[in-house]
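Student: I'd like to walk through this model with you, one piece at a time. Can we start with how the helices pack and then get to the sheets and the cores?

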Amino acid sequence: MHEQERWQTILRLVQERSVISARELSDITRASAATLRRDLTHLAAQGLVHRIHGGVRTVGLKGNAKLESASFTVSQTLHADRKRAIARRAVALCRDGESIIINGGSTTFQMVEFLRAMRLQILTNSFPIAAALMHESDNRIILPGGEIYRDQSLILSPFDEDSIQHYTASRMFMSAMSIGPLGVIESDPLIARAEAKLLNRAADLIVLADSSKFEPRGSMAVAPLSRIKRLITDDGAPEAALEMLREAGVDVEVVARG
């Protein structure tokens, strides 16, 4: 297993389990104890994991902003090539002058690279997406009101009435914790509620989900399959899951990784 692949595996396991022993990581990655120590030291130095006696755990959230989801920094390192390919195809669907919504997520953040050359009206609850496009593009950026959750880099409001209630968009681009028979799934109720409010302002929903998102995770349903207009994934997605989506009426598009 190559270095980058080991790092992605370690981060995925820590994300899924919260705490995992070094011995178990060594068995899974088939790395020597010395190699694994170097890996964990590197990831801890980057702030992606926290070293504990005998293993590692997820990086704790700060202050009162506690969400049951992986940090944005961790998520960015996972399956980056797949996410970039998906994001490129998603932006190709957009046309200058269009009003769209983009939720916060590591896959939707990959859209930034391709959105820089466009002129759109974009509502997003992602602080990194807004900051990047504000400084590096001619897109018009709209933010919802709320609190910034640092680890997830999201702007979330607990209130029903906020600044987005009069915004309308032709489509919303959404990433997710997972996709299953019940639809788009998230792990935290506050994130799920915020995304449902954004979705109410869009005519069509386009889901961006790399092939790892078809593993069961999370417990909060954001949108049923019937609400999804199109799902874009990579060529590693399980065929059974794609067929389930097609049978539900979802337009499935598969892109090549890399």
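Tutor: Sure, with the ground rules up front: this is a predicted model, where local features need pLDDT of at least 70, side-chain atom pairs count only at pLDDT 80 or more, and totals for chains, interfaces and linings use all residues. Residues are numbered from 1 along each chain as its sequence is written, and side-chain values use heavy atoms, with hydrogens and water left out.

Student: At what angle do helix H2 and helix H3 pack?

Tutor: Helices (H or I, at least four residues) and strands (E, at least two) are DSSP runs, numbered from the N terminus. Axes are lines fitted to C-alpha atoms, for helices over the stretch in contact, and angles run from 0 to 180 degrees between N-to-C directions. H2 (residues 22–29) and H3 (residues 33–45) have axes 10 Å apart, and the packing angle is about 110°. Since 65 to 115 degrees counts as roughly perpendicular (under 35 is roughly parallel, over 145 roughly antiparallel, the rest oblique), H2 is, relative to H3, roughly perpendicular.

Student: Which residues make that contact, and of what class are they?

Tutor: Contact means heavy atoms within 4.5 Å. From H2 come Ala-22, Leu-25, Ser-26 and Thr-29, and they meet Ala-33, Leu-36 and Leu-40 of H3. For the classes, Ala, Val, Leu, Ile, Met, Phe, Trp, Tyr, Cys and Pro count as nonpolar, Asp, Glu, Lys and Arg as charged, and the others, Gly among them, as polar. The contact of H2 with H3 then has no charged residues, two polar and five nonpolar.

Student: Arg-30 has a positive phi; is Arg-30 buried or exposed?

Tutor: Most residues other than glycine have a negative phi. Arg-30 is not a glycine, yet its phi is about 60°, and its place is the loop between H2 and H3. Buried means under 20% relative accessible area, exposed over 50%, partly exposed in between (1.4 Å probe, protein chains only). With a relative accessible area of 79%, Arg-30 is exposed.

Student: Which strands stand at the edges of the sheet that holds E1, E2 and E3?

Tutor: Two strands pair if DSSP finds at least two bridges between them. This open sheet of three strands has the order E1-E3-E2, with antiparallel pairing. One side of each edge strand is left without a neighbour in the sheet, because each has a single partner strand: these are E1 (19–21) and E2 (50–52).

Student: Which residue in E3 is the bridge partner of Ser-21?

Tutor: E1 and E3 (residues 55–57) are antiparallel and share three bridges. Ser-21 has as its partner in E3 Gly-55.

Student: And what angle does H2 make with E1?

Tutor: H2 packs on this sheet and touches both E1 and E3. Its direction, taken against that of E1, makes about 75°.

Student: Is Ala-90 buried or exposed, and what does Ala-90 touch?

Tutor: Ala-90 is in helix H5 (residues 80–92), and at 0% relative accessibility it is buried. Leaving out residues up to four places away in sequence, Ala-90 touches Met-111, Phe-173, Leu-208 and Ile-232.

Student: How buried is Gln-110?

Tutor: Gln-110 is in the loop between helix H6 (106–109) and helix H7 (112–115). Beyond four places in sequence, Gln-110 touches Ala-80, Lys-83, Arg-84 and Ala-87. It is buried, with a relative accessible area of 17%.

Student: Why is E9 called largely enclosed, and which residue of E12 stands opposite Met-172?

Tutor: Five of the six residues of E9 are buried, so the rest of the structure largely encloses this strand. Strand E4 (residues 99–102) runs parallel to E9, with three bridges, and five bridges join E9 to E12, also parallel. Met-172 is the bridge partner of Ile-101, and in E12 it stands opposite Leu-205.

Student: Which residues have the most contacts inside the largest nonpolar core?

Tutor: A nonpolar core is a set of buried Ala, Val, Leu, Ile, Met, Phe, Trp, Tyr and Cys residues joined through side-chain atoms within 4.5 Å. The largest one has 29 residues, and those with the most contacts inside it are Ile-179, Val-184 and Leu-245.

Student: Which residue in E13 is the bridge partner of Val-184?

Tutor: Strand E11 (residues 183–186) and E13 run antiparallel, joined by three bridges. The partner of Val-184 in E13 is Ala-223.
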